[in-house]
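Reader: I would like to learn how to read a model like this one, feature by feature. Where should we begin?

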Amino acid sequence: MKKKLMITALLVVAALVLVGCTQKAPEPTATPAPVATEAPAATEAPAATEAPAATEAAAPAEEKGVELTLEELAKFNGKDGQPAYIAVDGVIYDVSESALWKDGAHNGFEAGKDLTTEIKEKSPHGVGKLANVKEIGKLVTE
Ligand code: HEM
């Protein structure tokens with residue numbers, strides 16, 4: 001009887017050992033696949049190149065013209081290679097290109113002066129002829 005118990009106990013132990021050995025190891029929990037890395041940031045579209053700055057309009061000095069005092073005007077008498085300027089009613093005209101003002105002289109009158117009175121009172125044509133020459137600026141007092 002004692003022997004029978006021993007065998008039973010051994011069988012139980014053996015069974016327990018067997019069960020213990022065959023116990024499956026816990027399945028490794030599936031690790032989530034690495035999430036796809038973030039989508040590459042959209043590359044910035046190249047900024048539109050700025051339109052070239054509008055080229056400056058004609059130089060203001062050109063638009064404004066020259067500003068000369070009577071004293072400064074005297075230098076532009078058409079002599080010694082100087083341009084020939086005349087002034088009428090505060091406006092300065094360049095008569096350098098006029099064949100009628102060769103070397104700054106015209107019918108006894110000279111360039112480099114204010115000829116307002118002369119053109120109005122002594123010339124046969126009056127101020128109308130000033131339309132033939134170029135206006136370049138104005139006469140100033142200082
Ligand atoms: C006795 C005095 C003057 C006489 C006889 C005279 C005569 C003339 C004549 C014949 C012309 C050409 C006209 C034409 O093309 O139809 C002329 C043009 C002109 N005159 Fe006189 N002029 C006199 C005084 C003056 C004076 C004082 C000025 C002063 C500003 C002047 C300024 C001009 C100008 C700017 C012209 C136009 C020049 C050109 O077309 O190239 N003139 N003058």
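Author: Begin with the ligand, bearing in mind that this is a predicted model. Around the ligand there are 19 residues, and the nearest are Ser-98, Glu-118, Ser-123, Lys-129 and Asn-132. The elements that give two or more residues to this shell are β2 and α4 (116-121).

Reader: How many residues of the shell are nonpolar, polar and charged?

Author: Sorted by class, the shell holds ten nonpolar, six polar and three charged residues.

Reader: β2 was named there. Which strand does β2 join, and how do the two run?

Author: Pairing is read from bridges between strands. Here β2 and β3 run antiparallel and are joined by four bridges. For one residue pair, look at Ala-87, which stands opposite Ile-92 in β3. The two strands form a hairpin with two residues between them, and Asp-89 in that turn has a positive phi of about 50 degrees.

Reader: Which residues other than glycine have a positive phi elsewhere?

Author: Two cases are Asp-80, with a phi of about 50 degrees, and Asn-107, with a phi near 50 degrees. Asp-80 lies in the loop between α3 (70-73) and β2 (85-88), and Asn-107 is in the loop between β4 (105-106) and β5 (109-110).

Reader: Are these residues buried or exposed?

Author: The count of C-beta neighbours decides, and 12 or fewer within 10 Å means exposed. Asp-80 has 8 such neighbours inside 10 Å, so Asp-80 counts as exposed. Asn-107 is exposed because there are 10 other C-beta atoms within 10 Å.

Reader: Which residue in the loop between α3 and β2 is buried?

Author: Gly-78 is found in that loop. Gly-78 has 22 other C-beta atoms within 10 Å and is therefore buried; the cut-off for buried is 20 or more. Leaving out residues up to four places away in sequence, Gly-78 touches Pro-83, Ala-84, Ser-96, Trp-101, Asp-103, Gly-104 and Ala-111. In addition, the C-alpha atoms of Gly-78 and Gly-112 are separated by 7.6 Å, although the two residues are 34 residues apart along the chain.

Reader: What does Ala-84 touch?

Author: With residues up to four places away again left out, the contacts of Ala-84 include Phe-76, Asn-77, Gly-78, Val-95 and Trp-101.

Reader: Which residues make up the largest nonpolar core?

Author: Ala-84 is one of twelve residues in the largest nonpolar core, and among the others are Leu-73, Phe-76, Tyr-85, Ile-86, Ala-87, Ile-92, Tyr-93, Trp-101 and Leu-139. β2 and β3 (91-94) are the elements that give two or more residues to this core. β2 gives the most, with three residues.

Reader: How do I read the chain as a whole?

Author: Take the element order, then burial, then contact range. The protein chain has four helices and six strands, in the order α-α-β-α-β-β-β-β-α-β from the N terminus. Of its 142 residues, 12% are buried. Among contacts with a separation of 6 or more, 65% are between residues 24 or more positions apart.

Reader: Where is pLDDT under 50?

Author: Read the mean before the stretches. The mean pLDDT of the protein chain is 76, with 55% of residues at 70 or more. Residues 5-21 stay under 50, and the model gives this stretch zero contacts beyond four places in sequence. Over residues 56-61 the pLDDT is also below 50, and that stretch has one contact beyond near neighbours in sequence.

How values were computed. Residues are numbered from 1 along each chain as its sequence is written. This is a predicted model: local features need pLDDT of at least 70, side-chain atom pairs count only at pLDDT 80 or more; totals for chains, interfaces and linings use all residues. Two residues are in contact if their C-beta atoms, placed from the backbone, lie within 7 Å. A nonpolar core is a set of buried Ala, Val, Leu, Ile, Met, Phe, Trp, Tyr and Cys residues joined through C-beta atoms within 7 Å. pLDDT is the predictor's confidence in each residue, from 0 to 100. A residue is near a molecule or strand if its C-beta atom, placed from the backbone, lies within 6 Å of it. Ala, Val, Leu, Ile, Met, Phe, Trp, Tyr, Cys and Pro count as nonpolar, Asp, Glu, Lys and Arg as charged, and the others, Gly among them, as polar. Two strands pair if DSSP finds at least two bridges between them.
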